[in-house]
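Thanks for asking me to look this over. Below are some notes to read with the model open beside you.

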Amino acid sequence: MGEFDQGLNYLNQSLAIEKEINNIGGVATTLNHIGIINSLRGDYLTAMDIYFEALEIHEGLGDKSGLAYTLQNIGVIYDLQKDYEKALEYYNRSLKLRQEIKERRGVAQIINNIGIVYHKLGDFEKALDQYLIALSIKE
């Protein structure tokens with residue numbers, strides 16, 4: 001069994017326990033981790049389905065931090081699929097939430113991701129602006 005398969009096995013066990021004890025926030029967090037493994041395996045469709053399931057849970061709980069994290073993960077999938085407009089849409093939604101809850105590290109991370117997308121689009125001036133903003137936040 002490969003490491004991804006073993007990781008998914010453990011995460012699915014965790015998911016079952018979270019559901020059994022009715023830890024809804026834990027279910028959403030575990031779903032995000034399952035999504036990440038599927039993304040790393042290149043199974044973007046499954047990852048996206050799982051992220052949207054987690055997104056719905058975070059929205060229902062009013063969990064802005066979890067919501068921002070999930071929106072970022074969705075943005076990453078769109079970025080990997082070269083759908084840069086959708087990636088920017090989800091990154092910007094995540095950024096807005098992270099700014100609201102004052103997650104400085106998360107804000108810097110998202111702004112950096114936005115810079116990467118602008119770089120891929122060939123808009124090097126916007127990319128540099130984003131990188132410099134992210135750097136100033138991290139310092």
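**Notes on charges, contacts and patches**

1. Let's begin with D43, which sits in the loop that runs between α2 (24-40) and α3 (44-61). Please keep in mind throughout that this is a predicted model. D43 has a relative accessibility of 31%, so it counts as partly exposed.

2. D43 also has company on the surface. Together with D49, E53, E56 and E59, D43 gathers in a patch of negative charge there. Patch members must have over 30% relative accessible area and no salt bridge, and the 31% of D43 is over that cut-off.

3. Next, the salt bridges. How many are there by the rule used here? The count comes to five, and three of them are described in the points that follow, beginning with E100 and K64.

4. The side chains of E100 and K64 meet in a salt bridge, with 2.9 Å from N to O. This pair links distant parts of the chain: E100 belongs to helix α5 (residues 84-100) and K64 to helix α4, and their positions lie 36 residues apart in numbering. Are these two partners buried or exposed? E100 has a relative accessible area of 40%, so it is partly exposed. K64, with 38%, is partly exposed too.

5. The salt bridge between K120 and D79 has its closest N and O atoms 2.7 Å apart. Here again distant parts of the chain are linked, with K120 in helix α6 (residues 104-120) and D79 in helix α4, 41 residues apart. K120 is partly exposed, at a relative accessible area of 43%. D79, on the other hand, has 8% relative accessibility and therefore counts as buried, the cut-off for that word being under 20%.

6. E103 and R98 form another salt bridge, and their closest N and O atoms are 2.8 Å apart. As for cover, E103 has a relative accessible area of 22% and is partly exposed. R98 has 6% relative accessibility, so R98 counts as buried.

7. Now back to helix α4 (residues 64-80), where you will also find N73. N73 counts as buried because its relative accessibility is 9%. Which residues does N73 touch, leaving aside neighbours within four places in sequence? The contacts are N32, I36 and Y51.

8. A54 is a good residue to click on in helix α3. Its relative accessible area is 0%, so A54 is buried. Outside its neighbours within four places in sequence, A54 is in contact with A28, L31, N32 and T70. N32 thus turns up in the contacts of A54 and in those of N73. You may also like to look at A54 together with G66: the two are 12 residues apart along the chain, and their C-alpha atoms are separated by 8.6 Å.

9. Last, a patch of another kind. L128, L132 and L135 make a nonpolar surface patch of about 290 Å². One of these, L132, has its place in helix α7 (residues 124-138). L132 has a relative accessible area of 48% and so is partly exposed, since exposed is kept for values over 50%.

Notes
Residues are numbered from 1 along each chain as its sequence is written. This is a predicted model: local features need pLDDT of at least 70, side-chain atom pairs count only at pLDDT 80 or more; totals for chains, interfaces and linings use all residues. Side-chain values use heavy atoms; hydrogens and water are left out. Patches are made of residues with over 30% relative accessible area and no salt bridge: like charges are joined within 9 Å, nonpolar side chains (Val, Leu, Ile, Met, Phe, Trp, Tyr) within 5 Å. Accessible areas come from the Shrake-Rupley method with a 1.4 Å probe; for residues, only the protein chains shown count as cover. A salt bridge is a side-chain nitrogen of Lys or Arg within 4 Å of a carboxyl oxygen of Asp or Glu. Lys and Arg count as positive and Asp and Glu as negative; His and the chain ends are not counted. The place of a charge is taken as NZ of Lys, CZ of Arg, CG of Asp or CD of Glu. Helices (H or I, at least four residues) and strands (E, at least two) are DSSP runs, numbered from the N terminus. Buried means under 20% relative accessible area, exposed over 50%, partly exposed in between (1.4 Å probe, protein chains only). Contact means heavy atoms within 4.5 Å.
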